[in-house]
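I opened this notebook to keep track of what I looked up, entry by entry, and in what order. Which parts of the chain meet, and how, was what I wanted to settle.

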Amino acid sequence: MPLPTARRAKRRGPRRFTSRDLAVIGVLLGIPILLELALIWGPTLASIGLSFTNWDGIGDIHWVGIDNYKTLFTDYPPFWPAVRNNLLWVAFLGLVATPFGLLLAVLLDKGVRFSRFYQSTLYMPVVLSLAIVGFIAQLVFSRDQGALNAILANKNDPVDWLGDPDLNIWMVLLAAAWRHTGYVMILYLAGLKSVDPSLKEAAAIDGASETQTFFRVVLPTLRPVNIIVGVITVIEALRAFDIVYAINHGRNGLELLSVLVTDNIIGEASRIGFGSAIAVVLLTVSLGFIVTYLVQELRGGKKG
């Protein structure tokens with residue numbers, strides 16, 4: 001072999017970064033990290049610190065220890081109804097809207113006629129904000145001029161779907177599920193498209209029914225999608241704010257922790273320390289759900 005060719009065949013050593021390369025890497029990594037610290041971790045740590053203080057946003061900050069949490073748990077009537085409603089949101093979106101979105105994805109994956117039309121129609125609510133969904137809910141469930149009472153012909157004794165605290169939470173959950181279902185459907189539909197058809201064929205040859213094939217072959221392969229859907233569902237349920245605030249400012253049966261945070265921090269009282277304590281509770285509940293779910297899914301993935 002000629003000498004030049006032999007030299008070219010030699011393995012090159014690791015490339016050394018120039019000062020310009022290091023500067024570019026520093027900028028590309030530094031800007032996102034700084035934005036992450038400034039917009040996410042900074043306010044988060046500040047909220048945790050302020051939750052142990054009494055501050056109105058203008059005067060001096062006074063350290064009160066855990067007094068805000070004591071008041072929150074024992075002497076703040078809206079707190080426990082808000083916790084109950086947030087947990088109800090998680091349960092409803094997780095146990096009703098998410099399985100229904102999976103069912104729609106399975107049906108559309110079978111190649112039914114007009115599947116493109118169905119996908120577009122079912123996904124359309126996802127592009128709407130929850131505030132817009134709240135306004136639509138008012139048009140449908142309004143007591144005097146709502147479409148639902150008009151269809152039911154309840155003119156003499158109309159049902160107050162959004163005013164009755166025993167009913168309004170369920171109407172709001174239906175409206176939120178209408179939006180959430182389309183999002184879940186698209187995620188699962190993308191996951192189903194990536195499933196290897198040979199796995200289904202092998203299961204069919206082994207005599208498995210369509211239901212057995214789905215639960216024992218297809219669904220386990222969707223574990224990464226399950227993780228994404230589970231995390232998104234918890235986040236959507238616990239950060240809900242727009243829809244209830246658009247309907248009745250989160251009162252009369254629609255209390256949520258996010259609404260209590262807003263009312264205390266930017267409301268007339270300006271109790272920033274107390275509102276921060278509620279935000280910390282909401283953060284703790286969110287992390288509890290998400291971390292527990294991720295640990296279970298990842299352990300299941302390793303066993304599989």
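The entries below go from the annotated spans to helix packing, salt bridges, long-range pairs and backbone angles.

**Entry 1: annotated spans.** I noted at the outset that I am working with a predicted model. I then turned to UniProt, where an unreviewed entry lists residues 21-41, 87-108, 120-141, 169-190 and 272-295 under "transmembrane region". I looked up two of these spans in the coordinates. Residues 87-108 are 100% helix and 0% strand, and the C-alpha atoms at the two ends of that span lie 31 Å apart. For residues 120-141 I found 73% helix and 0% strand, with 25 Å between the end C-alpha atoms.

**Entry 2: H4 against H8.** I next asked at what angle helix H4 and helix H8 pack. With H4 covering residues 79-109 and H8 covering residues 168-193, the angle came out at about 40°, and the axes are 6 Å apart. That angle makes H4 oblique to H8. I recorded the crossing of H4 past H8 as right-handed. Sorting the residues of this contact by class, I obtained 23 nonpolar, five polar and two charged ones.

**Entry 3: H6 against H8.** I also looked up how helix H6, residues 130-141, is placed relative to H8, and found that their axes come within 10 Å and cross at roughly 130°. H6 and H8 are therefore oblique to each other. I noted the handedness of the crossing of H6 and H8 as right-handed.

**Entry 4: salt bridges around Asp109.** How many salt bridges does the structure hold? I found seven, and I followed up some of them individually. One of them joins Lys200 to Asp109, where the closest N and O atoms are 3.7 Å apart, inside the 4 Å cut-off for a salt bridge. Lys200 belongs to helix H9 (residues 197-205) and Asp109 to helix H4, so this pair ties together parts that are 91 residues apart in sequence. The relative accessible area of Lys200 is 32%, and I entered this residue as partly exposed. I also saw that Asp109 and Lys200 are linked with Lys193 in a network of salt bridges.

**Entry 5: two further salt bridges.** I then looked at Arg143 and Asp144, whose side chains meet in a salt bridge with an N to O distance of 2.9 Å. Asp144 counts as exposed at 63% relative accessibility, whereas Arg143, at 37%, counts as partly exposed. The other pair I opened was Arg239 with Glu236, a salt bridge in which the closest N and O atoms are 2.8 Å apart. Is Glu236 buried or exposed? With a relative accessible area of 12%, Glu236 is buried, while its partner Arg239 counts as partly exposed at 45% relative accessibility.

**Entry 6: pairs distant in sequence.** Here I looked up two C-alpha separations. Tyr123, which lies in helix H5, has its C-alpha atom 7.3 Å from that of Ile186, although these two residues are 63 residues apart along the chain. Tyr123 is partly exposed, with a relative accessible area of 31%. In the second pair, Tyr245 and Ala131 are 114 residues apart along the chain, and their C-alpha atoms are separated by 7.8 Å. I located Tyr245 in helix H12, residues 242-248, and recorded this tyrosine as partly exposed, its relative accessible area being 29%.

**Entry 7: positive phi angles.** Before closing, I checked backbone angles, bearing in mind that most residues other than glycine have a negative phi. Phe114 is not a glycine and yet has a positive phi of about 60°. I placed Phe114 in the loop between H4 and helix H5 (115-123), and with a relative accessible area of 55% this phenylalanine is exposed. Where does His249 sit? His249 is in the loop between H12 and helix H13 (257-265). His249, likewise no glycine, has a positive phi of about 60°, and at 39% relative accessibility this histidine counts as partly exposed.

Notes:
Residues are numbered from 1 along each chain as its sequence is written. This is a predicted model: local features need pLDDT of at least 70, side-chain atom pairs count only at pLDDT 80 or more; totals for chains, interfaces and linings use all residues. Side-chain values use heavy atoms; hydrogens and water are left out. UniProt positions are given in the numbering used here, feature names are shortened, and annotations may be inferred rather than shown by experiment. Helices (H or I, at least four residues) and strands (E, at least two) are DSSP runs, numbered from the N terminus. Axes are lines fitted to C-alpha atoms, for helices over the stretch in contact, and angles run from 0 to 180 degrees between N-to-C directions. Angles under 35 degrees count as roughly parallel, over 145 as roughly antiparallel, 65 to 115 as roughly perpendicular and the rest as oblique. A crossing is left-handed if the near helix is turned anticlockwise from the far one by less than a right angle, and right-handed if clockwise. Ala, Val, Leu, Ile, Met, Phe, Trp, Tyr, Cys and Pro count as nonpolar, Asp, Glu, Lys and Arg as charged, and the others, Gly among them, as polar. Buried means under 20% relative accessible area, exposed over 50%, partly exposed in between (1.4 Å probe, protein chains only).
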